[in-house]
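Here is a short walk through the charged pairs of a protein model. Please keep the sequence and the 3D view open while reading.

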Amino acid sequence: MQAKGLIKFFGIALALLCFYQLIFTWTANSVESKAASYAEETVDRASFNNDEGAYNKALKEAERNYLMKEESKPDGNFITNLFSYKEAKKKRLNLGLDLQGGMSVVMQVPLDGVITALTNKSKDKNFKDALANAKTAETNSQEDFVTLFRQEFEKLVPGNNSLAPIFATQASQGKINYNSTNDEVEAMIREESKTAVRTTFEILKTRIDKFGVSQPNVQLIENQNRIVVELPGVDDADRVRKLLQTTANLEFWAIREMDNDLMRIFSNANTRLAEKQKLSANRTSVETTSTASKSVNDSTKVESSSLNLDAENEEISQSEEELKKENPFFSLFTPEQRTGGPLVGYVSVTDSSALNKVLRAKGSNILPKSMKLLYSAKPIITAAEQETTEDAVDILGVYAIESRFGSDFKPPLDGTAITNARQDFDPMSNEVVVNMEMNVEGARSWAKLTKANIGQFVGVVLDDLVYSAPRVNGEIKGGNTQISGQFQVQEAQDLANILKAGRLPATPRIVEATTVGPSLGEASINAGLLSLLAGIGLVLIFMVVYYGKGGIVSVVALLLNLFFIIGILASLGATLTLPGMAGIVLTIGMAVDANVIIYERIREELAAGSNIKKAIADGFSKSYSAIIDANLTTLITAAILAYFGLGPVLGFAVILMIGIFSSLFTAVLISRLIIDWRVENGTEMTFWSGFSKGAFKNLNIDFVSRRRISYIVSGIFITLGIISMVTRSFEFGVDFNGGRTYVVKFDKNVNTNEVISALSGPFKAAPLVTTYGTPDQVKITTSYEIENNSTEIDQQVAELLFSGVKGLYNTPPADYKTFATTNILSSQKVGPTIADDITKNSMIAGALALIGILLYITIRFRKWQYGVAAVVTVIHDSLILLSVFSIFKFLPFSMEINQAFIAAILTVIGYSINDTVVVFDRIREYLYTYFDTPFLETVNNAINSTLSRTIITSLTTLIVVLILFLFGGEVIRGFAFALLIGIMVGTYSSIFIATPLVVDLYGDKDAPREAPQVKSDVATSV
């Protein structure tokens, strides 16, 4: 073996690097373990009266305080601590959200608002219609929004369709003018949109940096206008949504007081709205036929005559309905009866959306154009404060502001004047507040605004919500002010950080969100570690039992491989996820393959009469070709996964790629170093044990002649699968359909039909409900309001979930907040746009994997027959796997078609090719070595000679995947099942489908040998 010194140097250097990187992880874990112990010692459980939620919150607070003290300590040194906790935390091995809990969000930055701002809010009808049409088209198109907008505009204005007159504003001077072409305008829109997206990203990054989360990850996917945010350890999803979606559009307005004139305006609004609704109803009535009209009149008479006979409750219901028709505005909005205060009325939380719809409806003029109604940021009266029925809801206050510029609501002062903001306490009331400081210009404007409104009210408005509206007692100079509003300390700190970070140029909407509770994360880590250790342990035992002292060398190489994978992950700053753990298990199982190929070759050489040194040298050299081919084909699928994957799929692919390179280094080079060292020192080396010495020797099974049977068996099963796919389809996850899923834990075993019944009303349709792991946990999937992009909708849907299922508990959670943090173990949201992208990327990934494999094998083996046979085989394996997931979707664990399933299919493709290439490689070798042997006999000999490797590799890989399936936890069970089926099918197809296909594709009794070319190829690979 050449370059032993270089291999030793590289191996030692890599080991030292990995050890250095893992010290950070060990240090951080050690400090956090001490923090957990400190919290348990200092927080008295008995003082919380069995309130687990409050106790856990206190534990976290104690841990947080301990860690904050550790973070404030100076950097470590070689005398005290090697590294400080602050430094170690930054460089430790990252754990994914599925292993520690937290929240992952994919946000889409909408460009319609940015484009509207570029036109100075143009009222042009064609412009507004084109923008609306582009938003509709975006949900089903892969084109970017700017392209769609231009296409829709040019459709609406086929002749004179110049965009320049609309976009040539004072702000765009120097960029475009009235004579600019549409290409130039489009380029300007793209540049400004790109700037807005980057600004949004930077502001969100600043907010998150101040959020106090360990190891946050914020990424910008610029070509898709998307921002990916991962926040480990976070358990308050609502707080995160506010942090990410608050625009921070801070404004200061003079608030109009309630008076008789305002009451008259509201009364007129009520009359106008009633007239509009009556006119709309009359139009509908006119469209009916005279016969229908007569029928209606007759039924009206009957109903009228029978009113006296109705029950009292029906009379009340009828009168309430009539009252709503006569007073449609006042049925939603209750005016304030007292004059002289800042509040002009009240609206219930449930009616607020309907009132907004009425006020903002196209052509609505029930209120003066210069007037706008705003809601209070928090309820004026909560449901708990009302002495009414249990149906009581929170009541919001309503304020009125007026613009000096007609319908253009430009505030006298806005948030651009704020230079600093901080959470504080009011010295008079001790109320939690946010104090703000302004720049010079802002201080002047604030003084002018307060001077003009002495004795009146000035509102502090953030994102169209009024946080406070104090009475002005005198002119306020110096540019200092505050926001009050019944804040919690944490809430005020978040608001201060948002204001300091600045206003978002566009409000991003959440298109995908995944939340994993800490309890599920802890269960996942325990299950993942158990399956990892058990799988590796069984593989190591098998290798020693089967290969004797050679197996011991494999154990050393495999343990080094695991150490290198973890160390490289830490040094790259990559994240270890639960699918990543599956990748490690699979990598370990596949790493055995290289050792098996080498050891089987050495055994063949020893059986042929070679001495131990020559057998080892020839065994290694003759194995390189198969090992390299097999690993490169797997690498192709891993690279495609890494490019197209998000979240867990990406983590799996990264570890798989690292594992391939690490496995080649340890199994081929390190193993050879150890074996050579032992032989040179005179230590006996064996590559078998007593029971395995004669295993698989002298096999002579005629596989090829029976190929028609395997074709028929596969054909029947695939046909049944296709029928099932067409008639029964699949259990598609939200990754492909869009929707929301929640894993909810109850305090007793629940029936899924009861859950469906409880939620059918709130969700307006029956959700999909399945048992999740244990009988007291269910997975709920719904598409309710998935196309609603409002910032409040996610919390509203979760609140509906709580209201629906709380009756199924023995002891229901105290409130929604407790339910969200304790009983929702995980949640996921995928919007329709990103679901389309996932579908598209999955199809592209599959197609590229097939093309890559076809090209590689065709080039490597110099015969198209090998490439075509390999591609047909992986299509066969994929169809078998899809058929299983369609036919057997009734199995008692997740059989969803989701991103993890796509990762499993691509992994199976790589594994199947791995198996197939080893057989192909032996056929190629035998065609050269045994030049006079008939082709069919050569193919059979190749399959028989590699059968030991095929079975042993499949067996060891099946062991680790089976352990993963049994003990890896519910989160990954469906993924492991797909791998389990895929490995068995891949092993079957490499023998009974791929190799026979090569024979049939040649179509002759023999195949062209082309000895010189094959010889050169083998020599090169050796």
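**Charged pairs in the model**

Both E925 and R922 are buried. In this predicted model, their side chains meet in a salt bridge, with N and O 3.9 Å apart. The two residues sit 3 positions apart in helix α30, so about one helical turn separates them.

Why can such pairs form at all? Side chains of opposite charge can pair when their charged atoms come close. The structure holds 44 salt bridges, and two further examples join separate helices.

One of them is between R150 and E186, whose closest N and O atoms are 2.6 Å apart. R150 belongs to helix α7 (residues 145-156) and E186 to helix α9 (residues 182-209), so this pair ties together parts that lie 36 residues apart in sequence. Are these residues buried or exposed? R150 has a relative accessibility of 18%, so it counts as buried, because the cut-off is under 20%. E186, at 15%, also counts as buried.

R150 and E186 are also part of something wider: salt bridges that share partners join D144, R150, E154, D183, E186 and R190 into one network.

The other example is the salt bridge of R949 with D915, where the closest N and O atoms are 2.6 Å apart. This pair links distant parts of the chain, 34 residues apart: R949 is in helix α31 (residues 935-967), and D915 is in helix α30 (residues 899-929). R949 counts as buried at 3% relative accessibility, and D915 is buried with a relative accessible area of 0%.

Notes:
Residues are numbered from 1 along each chain as its sequence is written. This is a predicted model: local features need pLDDT of at least 70, side-chain atom pairs count only at pLDDT 80 or more; totals for chains, interfaces and linings use all residues. Side-chain values use heavy atoms; hydrogens and water are left out. A salt bridge is a side-chain nitrogen of Lys or Arg within 4 Å of a carboxyl oxygen of Asp or Glu. Helices (H or I, at least four residues) and strands (E, at least two) are DSSP runs, numbered from the N terminus. Buried means under 20% relative accessible area, exposed over 50%, partly exposed in between (1.4 Å probe, protein chains only).
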